[in-house]
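The exercises below ask you to work through a protein model one region at a time. Please look at the sequence and the coordinates before reading each solution.

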Amino acid sequence: MTDVDLEFSRVRAVLDRPTLRLMSRPTSAAVIAVFRTVFDRDVQYVPADRMHLQVEEHVARLQSTGARVPASDQGEGESDTRPNGRALCRDWVAAQWLVRSNSPDADEQYSLTSHALEALSLVDALSADRALISESRLAMIVDAVHRWAARAEPDPDVQVRRIDAQIAELQAQRERLVRGEVTEVDDAGMLDGYTNISDLIRQLPSDFKRVEEAVATMHRSIVEDFRQEVRPIGEILDDYLARTDDLMQATPEGRAFEGAFELLRDDALLLRLRDDIATILAHPFAESLGAGERRAFRNTVSILRQGIEDVLAQRRQLTATLRDQIVAHDVVRDRELDAVLRSVNRGLAAWIDQGTARDRVPLGLLPATAEVGTLRERFHDPDNDAVPPPIEEPDDDVFEELDVASLRRHGGPLLAELRAVLRDAPDSASAFHALPPEQRRPVELFGLAHLLTGNDDFEAATDVEPHRTVRPDGETVTLYMPTATLTGAGTDHQHDDDNGLEAR
């Protein structure tokens with residue numbers, strides 16, 4: 001093959017990757033916009049039902065503005081113009097842009113693949129308004145090259161000279177700071193450095209997702225070997241242990257993950273990273289950043305922790321699946337089931353060769369309904385056959401004899417007596433206290449208020465007067481209510497049928 005053939009094959013393989021397929025379609029702008037809206041920097045997993053609704057709403061919104069949106073297969077009875085969120089998500093899963101998995105609560109959820117995250121990171125990088133070559137980026141490259149050259153130097157004397165030079169440089173910098181010679185960085189320089197760091201941070205989620213997908217691929221391969229029984233269990237276990245040991249060293253993603261994992265195990269280094277981030281955001285240039293940009297930069301450590309936790313969770317799931325396969329695996333039972341399924345397939349093939357398209361074959365339920373007789377639900381209880389206790393004769397002395405006087409003493413207000421005393425009293429309070437003690441019960445105040453209804457002094461009164469009442473048991477209780485001035489005919493307007501309350 002010529003050089004151009006090799007280059008053509010390499011470029012075609014790159015263009016066939018899901019990342020570039022996501023960015024090269026006519027509807028790429030709509031799809032990436034939906035991904036950016038649904039999966040915020042702080043949102044990695046979205047429940048399936050919510051994802052379907054959000055996709056339908058966002059795609060319909062873009063469609064109404066005239067944007068070119070992806071088409072979806074409509075279900076039966078659905079509108080031809082309304083997008084189908086479930087179908088679109090299914091297509092995006094097939095295109096390796098989304099992953100559908102189960103949450104710890106056994107609910108279905110979606111997450112972006114490493115290809116989709118890489119496309120979003122590329123869009124963010126290209127949409128940033130900055131110069132590709134800057135002082136901070138060159139300084140970062142020079143520092144990285146110098147640091148790794150010092151590590152790669154095999155001569156100890158050269159390494160000592162490098163360290164001495166660094167110590168001398170740091171000592172000179174310290175002396176300048178002691179003398180008060182502080183070199184302040186302007187806002188433009190800080191913004192340029194922040195942009196370069198943000199570019200590196202933006203690539204972290206896709207890097208971690210690639211490691212997680214590598215573990216998931218190994219998971220599917222090992223589980224498939226268990227199900228197919230193409231190899232002995234011992235050989236599969238040996239292969240699992242070997243691939244687990246070599247996974248983090250066999251791929252670039254694995255080696256990067258190991259380095260990040262070692263980095264995050266250093267608590268002092270993480271604390272220093274948090275402090276450095278806080279120092280950068282405290283600079284005046286940070287006022288030009290949006291709230292989302294400051295929040296994303298501040299959550300750098302959280303992004304690292306979450307990425308590593310996802311990879312470790314995938315490894316734990318692989319180990320748990322492997323353990324369950326070993327514990328629950330029954331070779332004899334699996335072979336019997338395989339033999340039954342093979343016989344069913346042979347019978348089905350013979351029937352298809354002999355039958356026609358309109359032939360019908362009754363199929364029974366598998367398994368058939370179990371024939372179980374009626375089970376006893378209640379057992380003999382000796383107490384059910386016991387003779388009930390005899391009925392006791394009622395004691396006639398339990399209840400005291402009641403007369404009309406006692407009933408009236410515990411009954412409602414005596415309106416006739418109240419009306420009679422109101423005709424000769426200057427005010428309602430004096431009239432009430434002129435009654436004998438057995439007629440100054442608390443309930444009489446309700447009758448008094450009833451008779452005074454319509455009296456302007458009573459209804460417009462702002463002050464209350466004490467009314468000393470006597471309960472039927474002789475206890476004295478003082479209650480407060482408004483009083484009214486009487487003219488002798490102030491109660492003539494009351495209805496005559498109020499006397500009917502006396503007998504209650």
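**Exercise 1.** Describe the hairpin formed by β4 and β5, including its turn.

*Solution.* Begin with the turn: β4 and β5 form a hairpin with 5 residues between them, and within that turn glycine 474 has a positive phi of about 95 degrees. Helices and strands here are DSSP runs, numbered from the N terminus, with H or I over at least four residues for a helix and E over at least two for a strand. Next consider the pairing, for which DSSP must find at least two bridges between two strands: β4 (residues 465–470) and β5 (residues 476–481) run antiparallel and are joined by 6 bridges. Finally, locate one facing pair, in which glutamate 465 stands opposite methionine 481 in β5.

Before going on, note that this is a predicted model, in which local features need pLDDT of at least 70 and side-chain atom pairs count only at pLDDT 80 or more, whereas totals for chains, interfaces and linings use all residues. Residues are numbered from 1 along each chain as its sequence is written, and side-chain values use heavy atoms, with hydrogens and water left out.

**Exercise 2.** Carry out a similar analysis for β2 and β3, and state which residue in their hairpin takes a positive phi.

*Solution.* The strands β2 and β3 pair in the antiparallel sense over 5 bridges, and serine 101 stands opposite glutamine 109 in β3. Their hairpin has 5 residues between the strands, and alanine 106 is the residue there that takes a positive phi, near 70 degrees. Most residues other than glycine have a negative phi. A further case is glutamine 96, which has a positive phi of about 65 degrees although it is not a glycine; this residue lies in the loop between α5 and β2 (98–102). Glutamine 96 has a relative accessible area of 41% and is therefore partly exposed, a class that falls between buried (under 20%) and exposed (over 50%), using a 1.4 Å probe and protein chains only.

**Exercise 3.** Identify which residues touch the most other members of the largest nonpolar core, and classify the aromatic pair of phenylalanine 35 and tryptophan 92.

*Solution.* A nonpolar core is a set of buried Ala, Val, Leu, Ile, Met, Phe, Trp, Tyr and Cys residues joined through side-chain atoms within 4.5 Å. The largest one has 26 residues, of which Phe35, Met51, Trp92 and Leu98 touch the most other members, and α3 gives the most to this core, with 6 residues. Turning to the rings, those of Phe, Tyr and Trp (its six-membered ring) pair if their centres lie within 6.5 Å, and planes under 30 degrees apart count as stacked, over 60 as edge-to-face and the rest as tilted. The rings of phenylalanine 35 and tryptophan 92 have centres 5.2 Å apart and planes at 80 degrees, so this pair is edge-to-face. Because phenylalanine 35 lies in helix α3 and tryptophan 92 in helix α5, the pair ties together parts that are 57 residues apart in sequence. Phenylalanine 35 counts as buried at 0% relative accessibility, as does tryptophan 92 at 4%.

**Exercise 4.** Is glutamate 444 buried or exposed, and which backbone nitrogen does its side chain reach?

*Solution.* Glutamate 444, found in helix α20 (residues 444–451), counts as buried because its relative accessibility is 1%. Its side chain reaches the backbone nitrogen of leucine 414 at 2.9 Å.

Technical notes:
A polar contact is a pair of N or O atoms within 3.5 Å; within protein, one must be able to donate a hydrogen and the other to accept it, and residues adjacent in sequence count only if both atoms are side-chain atoms.
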